[in-house]
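These are my notebook entries on a structure that I looked through chain by chain. I record what I looked up and what I found.

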Amino acid sequence: MRARMATKSAKSVRDTAPPNGGAEPTRDELVRYYRDMLLIRRFEERAGQLYGMGLIGGFCHLYIGQEAVVVGLQAAITPDDMVITSYRDHGHMLAIGMDPKGVMAELTGRVGGYSRGKGGSMHMFSREKNFFGGHGIVGTPSSLGLGLAFAQRYRETKNVVLAYFGDGAANQGQVAESFNMAQLWKLPILFVIENNQYAMGTSVARSSAQTQLSKRGESFGIPGMQVDGMDVLTVKAAADQAVAHARDTGPMILEMMTYRYRGHSMSDPAKYRTREEVDKMKAERDPIDHLRERMMRAGIEEATLKIIDRETKDRIAEAAEFAQASPEPDPAQLYTDVLVA
Amino acid sequence: MPTAVRMPALSPTMTHGRIARWRKSVGDSIAAGDVIAEIETDKATMELESADEGVLGKVVVPEGSNDIAVNEVIALLLNDGEGKEALDKAPLKGPALTSKPVQAPTAQKPVPIKEPTTPKAASVEPTASGASGWKPATGGMVMQTVREALRDAMAEEMRRDPDVFLIGEEVAQYEGAYKVSQGLLAEFGPKRVVDTPITEYGFAGLGVGAAYAGLKPIVEFMTFNFALQAIDHIVNSAAKTLYMSGGQMPVPIVFRGPNGPAARVGAQHSQDFSSWYAQIPGLKVVSPYTAADAKGLLKAAIRDPNPVIFLENELLYGRSFEVPIGDHVVAIGKARIARAGTHVTIVAHSISVGYALTAADELAKEGIEAEVIDLRTLRPLDLDTILASVCKTNRIVTVEEGWRSSGIGAEVSALVVEHAFDDLDAPPARVTARDVPLPYAANLEKLALPKPEHIVAAAKAVLYR
């Protein structure tokens, strides 16, 4: 699936699109994408395992299958740019360079977690990495992200904001409110709709009058692109154009066509789709397998990939160990951080 | 007989107005619909269109006149064929042509009701400074309306800190739906005084996001009734984030606007949300009465690194009080003794403080000295000041315009029972709004809201008198 522009107003952006999903990536880029995507995959598999062991509680939304989206987008921004997302946030944090140990320890509710155990899977932040959460209420990253973008305009920076939300959130009223203000004030924000086809158990077709979500900005004059979110190189190429647009011109919508392999959360029996559908996606569209083949074709030796596989496995083992060894927060922590003293 | 042109009521809360300009002169022919004058109200300057036709015979109230009561005759129109001599016969005083509404029969024995005097633009409330009261920074005092005090607080803080900005509906070009942001656009420009679309959920979220990034937004809600659409961001995105981030992400933001019943605007525009916000950990909630506190507390709220809910009252905007000159900041979390007394403690906030002071005057006539506490801050509550008073008076009455169940009075009563049970000589009494949506009809609206008479009755009840 090629990057496809959804609105007329974005034509100029399309015209500058590089052919075949972007310039030929360097060996280093391919290796980096592979390492980052694999880190997310292995992290989430381990998180699922720890959940099954009762070490992680509550809601835990795994990102497996969607790795190409955040890795491709992250490659298109700078460390000064800002990222905000909703509750399926582990992948975003890892792609941004947050420490897997701190993320995993937050999942286990330990003091070594990014929120010292007080936030959990859906509520983590890193000011240092310009990651602004981790929000449990569907749709909120759109307007909160708009505020981050407003601050960039106010302070006259050239930074952009990536505001991620899902296909389900796209139907929230505040998303439309945010689109309106973003374009009204030409704020530097990229709305990334991760369309994994299902809002919990409700498919896009069952929930959305306009199923092509990249077109949702049309009435506001916001250009949109529908992008194959299972191919990291396509994502990166689209993100390059969109980020440039957001930095120089104003908001844009990127609809990332993707798929989650696991349930909406750990407690989802996933009766709304067939086993065959999931298996087919895994077999034919897996973003990591796809990149691996591409790397082999580019002449990267299997030995190199094996080294990355092992390193990743070790990092995740280390994170899991840390997340279990880190103590629970001191009871006195119950009353801290309610207000800034 | 000439037709009288009367001062119109151009807003639900307008009691007086100013003739800013006459657009017609004596002798001009006037058709119905012609703009004849510009009237300045408590909210805006409006054009007065003539409802009748004729020739402008006399300007009764000259241009520039202040404090002209609604219904006062301001001009006379001569009808067809009438000469100037007819003007002498025209009555310049007397009631308008409206008939008094027929009183509905009351099912219950009517409570003797005397409405508290409607606040006038120029009415003056002396500010008693209590134990925890403020001190003027430079010694001097100035008379200011609450509206002006709020505007000055914002302007001073915006001068002091370039990260402070004001955002909301009609705050910039219109200068505030209630004229609270007058002059701010002119001084600070559209970058820092930002008009939004009508999109409460969206711009509340925008404000919170900007605060995440380190700015210090003042988010104005035209009224807190509309903040219901935004309460998700106030509670979920602003109040909880510091905690959920393990202390990493402060949210320095002020949400402000009028709260509580106004006058004759019906149920959807007339709700006191004090207890809603006072329930939320991670928020501070402020609700001042005097102009001095409005200014000092708003300045403190803007400087506070936490999310602050700042509940104003539309009916107080036009009231004048003494305000200390200079950088007047009032600490959040401190109540004020609005009147000292020894027999009964009356706890109130916002406009109810005025009702409590009126009630205290009435009680004094019967030898009962009430101590009136203006809470000023609802979260955190100044328990120490309340308990110190109750230990002295052994009796407490709470007053609020909110509903009774799970209200501020319920909280204060519970705290007093928990902490000063042995000091109480009577169960706490609560004066609140009736447990109904606020009705529109003038008589029903009066019946639904607390009044000084109710406070007097409650105070006597806890004194067993």
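I first fixed the salt-bridge rule: a side-chain nitrogen of Lys or Arg within 4 Å of a carboxyl oxygen of Asp or Glu. I note that this is a predicted model, in which local features need pLDDT of at least 70 and side-chain atom pairs count only at pLDDT 80 or more, while totals for chains, interfaces and linings use all residues. Residues are numbered from 1 along each chain as its sequence is written, chains are lettered from A and ligands numbered from 1 in the order in which they are written, and side-chain values use heavy atoms, with hydrogens and water left out.

**Entry 1: the interface**

I applied the rule across the interface of chain A and chain B and obtained one salt bridge. It joins A:R155 to B:D163, with 3.0 Å between the closest N and O atoms. I then looked up contacts (heavy atoms within 4.5 Å): 38 residues of chain A meet 44 residues of chain B. The buried area, meaning the accessible area (1.4 Å probe) that two parts lose on being put together, summed over both, is about 3,400 Å², and carbon and sulfur atoms give 65% of this area.

**Entry 2: helix α12 of chain A**

I took helices as DSSP runs of H or I with at least four residues and strands as runs of E with at least two, numbered from the N terminus. The expected span of a helix is 1.5 Å times one less than its number of residues. For the 24 residues of α12(A) (302-325) this rise gives 34 Å, and the end C-alpha atoms are 34 Å apart, so the two agree. I class residues as buried under 20% relative accessible area, exposed over 50% and partly exposed in between (1.4 Å probe, protein chains only). The buried residues of α12(A) include A:L305, A:I308 and A:I316. Among the elements that cover the buried residues are α2, α5 and α11 of chain A.

**Entry 3: A:A170**

I found A:A170 in the loop between β3 and α7 of chain A. With a relative accessible area of 9%, A:A170 is buried. Its contacts, leaving out residues up to four places away in sequence, are A:F165, A:V175, A:I193, A:L213 and A:R216.

**Entry 4: salt bridges within chains**

I searched the whole structure and found 46 salt bridges over all chains. A:D337 pairs with A:K118 at 3.0 Å, N to O. This pair links the segment after α12 of chain A to the loop between α5 and α6, 219 residues apart. A:D337 is buried at 14%, and A:K118 also counts as buried at 14%.
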